[in-house]
Amino acid sequence: MEDVVTLTYNGNEIRLPVITGSEGEKAIDISRLRSETGFITLDPGYANTGSCLSGITFMDGEKGVLRYRGIPVEQLAEQSTFKETAYLLIHGKLPNRDQLTRFSILLNDNSLVHTDMKAFYQNFPRASHPMGILSSMVNAMRSFYPELDSQEEEITLTMTRLLAKVRTMAAMSYKISRGHELVLPRPDLTYCENFLNMMFETPVKPYEINRAAVNALRVFWILHADHEQNCSTSSVRMVGSARVNLYAAISAGIAALWGPLHGGANQAVIEMLTQIQEEGGNFKKAIERAKDKKDPFRLMGFGHRVYKTYDPRAKIMKKMCDELLESLNINDPLLDIAKELEAVATKDPYFVDHNLYPNIDFYSGIVLRAIGIPTNMFTVMFAIGRLPGWIAQWKESMDDPKLKICRPRQIYTGNQGFDFIPSHARS
Ligand code: SDX
């Protein structure tokens with residue numbers, strides 16, 4: 001029997017099909033709604049609205065489940081590499097040895113940035129935020145890497161160039177902001193090792209690859225790699241639906257991720273914990289402010305549109321904090337404040353009633369601090385991690401033969417029937 005819902009209004013009715021996903025999620029297909037009833041739906045923030053069918057990532061917000069192409073993120077964080085996870089997200093399956101070798105060679109061969117792009121970096125004010133630089137430089141990539149005639153080669157090479165060069169571009173913004181010489185990627189280092197080496201190697205002090213830091217970065221990027229139709233991924237799909245090049249669509253995703261309610265929260269969490277520390281460690285004041293409806297302050301790193309329980313990624317990140325700080329023999333007072341704050345907030349009726357738990361950003365900044373990443377680059381680290389997800393989601397939408405340009409409707413609430421008044425007659 002066909003699964004339908006019946007909508008009745010003003011004595012009429014319409015039967016709309018119900019779509020059921022592979023995990024049992026159900027949606028009402030309203031594509032005929034306006035043409036048959038004149039009605040549209042209204043859902044500010046899209047909390048109840050599915051924008052697409054997707055086979056890439058699945059989240060269960062009530063159970064705290066996250067899977068990439070059906071594989072639990074916990075297993076990937078434990079056993080995979082970021083490069084392998086990127087391949088899984090984009091191509092839909094884990095690579096065999098030969099595919100992984102070819103992918104590694106492609107990433108290595110495309111990891112340098114066009115030398116003329118260096119001038120762009122040098123002309124940004126030194127205090128520019130690295131997310132603004134990254135979004136600009138990724139958009140500028142089309143100018144340096146013009147479209148290829150072969151559509152297949154254009155897509156493959158553009159995806160590869162983004163994955164290969166984004167690390168180099170991120171490290172470049174760090175080095176140039178400090179007036180340091182650039183360090184180039186090396187063929188003998190892995191994806192994560194190369195990034196850390198490009199960030200911290202200097203001519204006078206060789207960077208010693210630290211296994212614990214590399215492992216923490218591997219897990220960090222795997223945990224950030226994709227997350228269904230979040231704000232930045234939806235921005236990539238929205239911009240991509242106009243058939244603009246992938247660099248421009250990814251640049252839009254980076255811009256959306258920069259926001260403190262989204263990826264910018266990892267930087268905001270550390271700034272919040274630092275302020276609590278500077279004010280004597282009184283985190284209870286932050287909790288009271290977060291509960292005060294008159295105060296715009298929010299407990300950064302807490303709450304989530306989908307997760308109404310503990311973010312599974314935050315659990316792994318919290319464990320990673322303990323392991324990494326112990327390996328590096330670091331004692332970070334911000335971690336102690338974060339743990340105490342979590343212990344109190346998650347028992348507070350306000351947070352319990354609002355289903356507010358730590359999300360990925362609550363502990364991720366502690367890991368990045370321990371590795372030596374500057375706070376203003378935390379969201380760039382999120383962007384590097386999320387890039388394979390953005391690419392996979394863009395590719396899935398481009399491969400959809402029924403893809404239409406994204407163009408939502410609205411309900412007009414403004415003036416009605418006004419006439420133009422010449423300026424001399426206006427009051
Ligand atoms: C990411 O979408 C994704 O998947 C995102 C992400 C990804 O991987 O792509 O997971 C990454 O962006 C994680 C979220 C990082 N942002 C923060 O940590 C910022 C702090 N959190 C919030 O601003 C908020 O929780 C959001 C933005 C994350 C979610 O907001 P929603 O779903 O729009 O919820 P809401 O703003 O409507 O809040 C619902 C209620 C409100 O109270 P009421 O008016 O109903 O009484 O919960 C309250 C809010 O005031 N609330 C908070 C709160 N978050 C929600 N109150 C205090 N502190 C908070 N952090």
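**Salt bridges within and between helices**

Glu342 is buried, at just 7% relative accessible area. In this predicted model, the partner of Glu342 is Lys318, and the salt bridge between them brings the closest N and O atoms to 3.0 Å. Lys318 sits in helix H14 (residues 312–327) while Glu342 belongs to helix H15 (residues 333–345), so this pair ties together parts that are 24 residues apart in sequence. Unlike buried Glu342, Lys318 is partly exposed, with a relative accessible area of 25%.

That pair comes from a search of the whole structure, which turns up 20 salt bridges. Another of them joins Arg102 to Asp98, with 2.6 Å between the closest N and O atoms. Here both partners come from helix H4 (residues 97–109); they are 4 residues apart, which means about one helical turn separates them. Arg102 counts as partly exposed, at 48% relative accessibility, and Asp98 also falls in the partly exposed class, at 45%.

Helix H13 (residues 283–291) holds a pair with a spacing of 3 residues, Glu288 and Lys291, again about one helical turn from each other. Their side chains meet in a salt bridge at 3.4 Å, N to O. As for solvent exposure, Glu288 comes out at 46% relative accessibility, so it counts as partly exposed; Lys291 is partly exposed too, with a relative accessible area of 24%. This pair doesn't stand by itself, since Glu288 and Lys291 are linked with Asp348 in a network of salt bridges.

Definitions and conventions. Residues are numbered from 1 along each chain as its sequence is written. This is a predicted model: local features need pLDDT of at least 70, side-chain atom pairs count only at pLDDT 80 or more; totals for chains, interfaces and linings use all residues. Side-chain values use heavy atoms; hydrogens and water are left out. A salt bridge is a side-chain nitrogen of Lys or Arg within 4 Å of a carboxyl oxygen of Asp or Glu. Helices (H or I, at least four residues) and strands (E, at least two) are DSSP runs, numbered from the N terminus. Buried means under 20% relative accessible area, exposed over 50%, partly exposed in between (1.4 Å probe, protein chains only).
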